[in-house]
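Please work through the exercises below with the sequence and the model side by side. Each one sets a task and then solves it in steps.

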Amino acid sequence: MLLLRKSLFSPSLSRATSRFLTTQIPNPIEDEPSSAYYDRLIDAAGRERDFAAVHRLLNKRAHDGFFSTTETFKFISTDLSVLDDVLQTLARLDEGFPRTDAHKSLIARLAKMGRADEALRVADAMTAAGCGINASAFHPVLQALTKTKEIDRAWRVVDRMRENNVSPDLTGYNYFLTSHCLVRDLTSAAGLLTKMREEGMEGDARTYDALVLGACRTGKLDGALAVLRRTVELKVPLLYCTYAHVIGTMVRWGYYAQAVEFVKVCGGREKGLDSANFGLLASRLIDKKKFDEAVVILEEMSKRDLKMDKMLKDFYKLHTQK
């Protein structure tokens, strides 16, 4: 009995038992590798300031084929003092995709936090670490600054890009263009368009969306429609929200019949787009108490077999019952 007691409570057995009881059994579903899975592990390691683990996990996720996200460096949101440690960790990552992807993710996180200066520090560190830095690395910073109307500061970021031998691209300029159009500054928008053409850039869906938005916000509905016609001629695929700018403006000004005609004329190209356009117009008409016009649109949706949300279905049933 004494021998049995000694063996049961021996230090080696006690340690083994302790390890068994404290080790979590992996959940085959939750622990399946994914971007979210790695984000959780990196966040936990970062909060513990275990940068060796952060280094290992960042390399592992890249080699497993998972991109970093804006949540990868979530831990830095609560403790910006670890930025230097994080930068040193990133500089030691495997060359190529692991190192470049991690730096871009950190820039995006800092930009989301409103820390543009720190994000630019990371961009400088990218260059120093031998990463292939390009315009896309600066997109989160430009997007954040133009969204908050800090245009002068955003242009200084463009200057910083050029210092790193990086030229701004169409996406970057589109952030500026959208910001100008949101505040009805069409003079600045026109100047930027000239600059873009001088640099050999052709507009894309975002460019034309900004122009339609600007025209609608300044009361130039004819101008918005002219831009739409131009995009059709150029065969530029438009965003759903571009049509929404026009529909919203027409309804706001009381051009109900014109709005109905607009969605009908634009219909027939893509079922998803038709569902969005007709559904938006019906909802706006209902908000304006224009029930007869809304029923006309819903009848058209029914004929075209377009998808309606529950509110529209209920409204349609209520107003077509005999």
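**Exercise 1. Find which residues D43 touches beyond its sequence neighbours, and decide whether D43 is buried or exposed.**

Solution. This is a predicted model, and the values in this and the later exercises are computed from it. Step one is to list the partners: once residues up to four places away in sequence are set aside, D43 touches T72, K74 and F75. Step two is to place the residue, and D43 sits in helix α3, which runs over residues 35-47. Step three is to apply the cut-off, under which a residue counts as buried below 20% relative accessible area; D43 has a value of 14%, so it is buried.

**Exercise 2. Carry out the analysis for S105, giving its helix, its burial and its contacts.**

Solution. Begin with the location: S105 belongs to helix α6, residues 97-112. Its relative accessible area is 5%, and S105 is therefore buried. When neighbours within four places in sequence are left aside, the contacts of S105 are S68, T69, T70, T72 and F73. Comparing the two lists, one finds T72 among the contacts of S105 and also among the residues that D43 touches.

**Exercise 3. Examine the backbone at K149 and K289, and state where each residue lies and how exposed each is.**

Solution. Take K149 to start with: it is not a glycine, and yet its phi is positive, at about 65°. K149 is located in the loop that joins α8 (139-147) to α9 (151-163), and with a relative accessible area of 42% it is partly exposed. Turning to K289, this residue likewise has a positive phi of about 65° without being a glycine. K289 lies in the loop between α16 (271-287) and α17 (291-303), and its relative accessible area of 61% makes it exposed, given that exposed means over 50%.

**Exercise 4. Relate the UniProt annotations to the secondary structure of the spans they cover.**

Solution. The unreviewed UniProt entry assigns "domain: Pentatricopeptide repeat-containing protein-mitochondrial" to residues 85-193. In the model this span is 72% helix and 0% strand, and its end C-alpha atoms are 42 Å apart. The feature "repeat: PPR", also from an unreviewed UniProt entry, is placed at residues 134-168 and 204-238. Residues 134-168 are 63% helix and 0% strand, with 9 Å between the end C-alpha atoms. For residues 204-238 the figures are 77% helix and 0% strand, again with end C-alpha atoms 9 Å apart.

**Exercise 5. Describe the chain as a whole, and explain why it is more spread out than a compact globule.**

Solution. Start from the secondary structure, which comprises 18 helices and zero strands. The radius of gyration is 28 Å, whereas the globule rule gives 20 Å for 322 residues; the chain is well over that value, and therefore more spread out than a compact globule. Along the principal axes, the C-alpha trace spans about 95 × 60 × 30 Å. Next consider burial and contacts: 43% of the 322 residues are buried, and among contacts with a separation of 6 or more, 60% join residues 24 or more positions apart. Finally, look at the surface and the charges. The chain exposes about 18100 Å², with 53% of this supplied by carbon and sulfur atoms, and it carries 48 positive and 42 negative side chains, whose two centres lie 4 Å apart.

Technical notes
Residues are numbered from 1 along each chain as its sequence is written. This is a predicted model: local features need pLDDT of at least 70, side-chain atom pairs count only at pLDDT 80 or more; totals for chains, interfaces and linings use all residues. Side-chain values use heavy atoms; hydrogens and water are left out. Helices (H or I, at least four residues) and strands (E, at least two) are DSSP runs, numbered from the N terminus. The radius of gyration is taken over C-alpha atoms; the globule rule is 2.2 Å times the number of residues to the power 0.38. Buried means under 20% relative accessible area, exposed over 50%, partly exposed in between (1.4 Å probe, protein chains only). Contact means heavy atoms within 4.5 Å. Accessible areas come from the Shrake-Rupley method with a 1.4 Å probe; for residues, only the protein chains shown count as cover. Lys and Arg count as positive and Asp and Glu as negative; His and the chain ends are not counted. The place of a charge is taken as NZ of Lys, CZ of Arg, CG of Asp or CD of Glu. UniProt positions are given in the numbering used here, feature names are shortened, and annotations may be inferred rather than shown by experiment.
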